[in-house]
Amino acid sequence: MLKTFLMIIQVLVSLGLIATVLLQSGKSAGMSGAIAGGAETFFGKKKGMDELLSKITAYLAIGFLVITLMISIVF
């Protein structure tokens with residue numbers, strides 16, 4: 001029962017981690033960076049959102065690590 005619960009939590013945390021990494025803006029340069037920069041200005045993307053996603057990513061990564069270690073130690 002505990003193993004199933006931890007596995008479900010691990011899957012949810014990993015999906016959240018994937019989503020937050022994909023939502024972050026890249027550090028691109030060149031023409032693609034110029035186009036993306038214009039789109040970010042047009043849609044009003046703020047610096048604060050990148051910082052928030054960065055913090056969420058860090059917390060989810062720590063959670064994923066802890067849950068993975070718990071699964072490997074307990075079972």
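Helices here are DSSP runs of H or I at least four residues long, numbered from the N terminus. Keep that in mind as you click through this predicted model.

Start by selecting residues 52–74. Over that stretch the chain is 100% helix and 0% strand, and the C-alpha atoms at its two ends sit 33 Å apart. The UniProt record, an unreviewed entry, annotates residues 52–74 as "transmembrane region".

Next, widen the selection to helix H3, residues 47–74, and add helix H1, residues 2–23. How do these two pack? Their axes are 9 Å apart, at an angle of about 155 degrees. Angles over 145 degrees count as roughly antiparallel, so that is how H1 and H3 run relative to each other. Turn the view to look at the crossing: H1 passes H3 in a left-handed one.

Now switch on the surface and pick Leu 2, Phe 5, Leu 65, Leu 69, Ile 73, Val 74 and Phe 75. Together they make a nonpolar surface patch of about 740 Å². Which helix gives the largest share of the nonpolar patch? That would be H3, with four residues. H1 also takes part: H1 and H3 each supply at least two residues of the patch.

For a last stop, center on Phe 5. This patch member lies in helix H1, the helix you just saw packed against H3 with the axes 9 Å apart.

How values were computed. Residues are numbered from 1 along each chain as its sequence is written. This is a predicted model: local features need pLDDT of at least 70, side-chain atom pairs count only at pLDDT 80 or more; totals for chains, interfaces and linings use all residues. Side-chain values use heavy atoms; hydrogens and water are left out. Patches are made of residues with over 30% relative accessible area and no salt bridge: like charges are joined within 9 Å, nonpolar side chains (Val, Leu, Ile, Met, Phe, Trp, Tyr) within 5 Å. Accessible areas come from the Shrake-Rupley method with a 1.4 Å probe; for residues, only the protein chains shown count as cover. A salt bridge is a side-chain nitrogen of Lys or Arg within 4 Å of a carboxyl oxygen of Asp or Glu. UniProt positions are given in the numbering used here, feature names are shortened, and annotations may be inferred rather than shown by experiment. Axes are lines fitted to C-alpha atoms, for helices over the stretch in contact, and angles run from 0 to 180 degrees between N-to-C directions. Angles under 35 degrees count as roughly parallel, over 145 as roughly antiparallel, 65 to 115 as roughly perpendicular and the rest as oblique. A crossing is left-handed if the near helix is turned anticlockwise from the far one by less than a right angle, and right-handed if clockwise.
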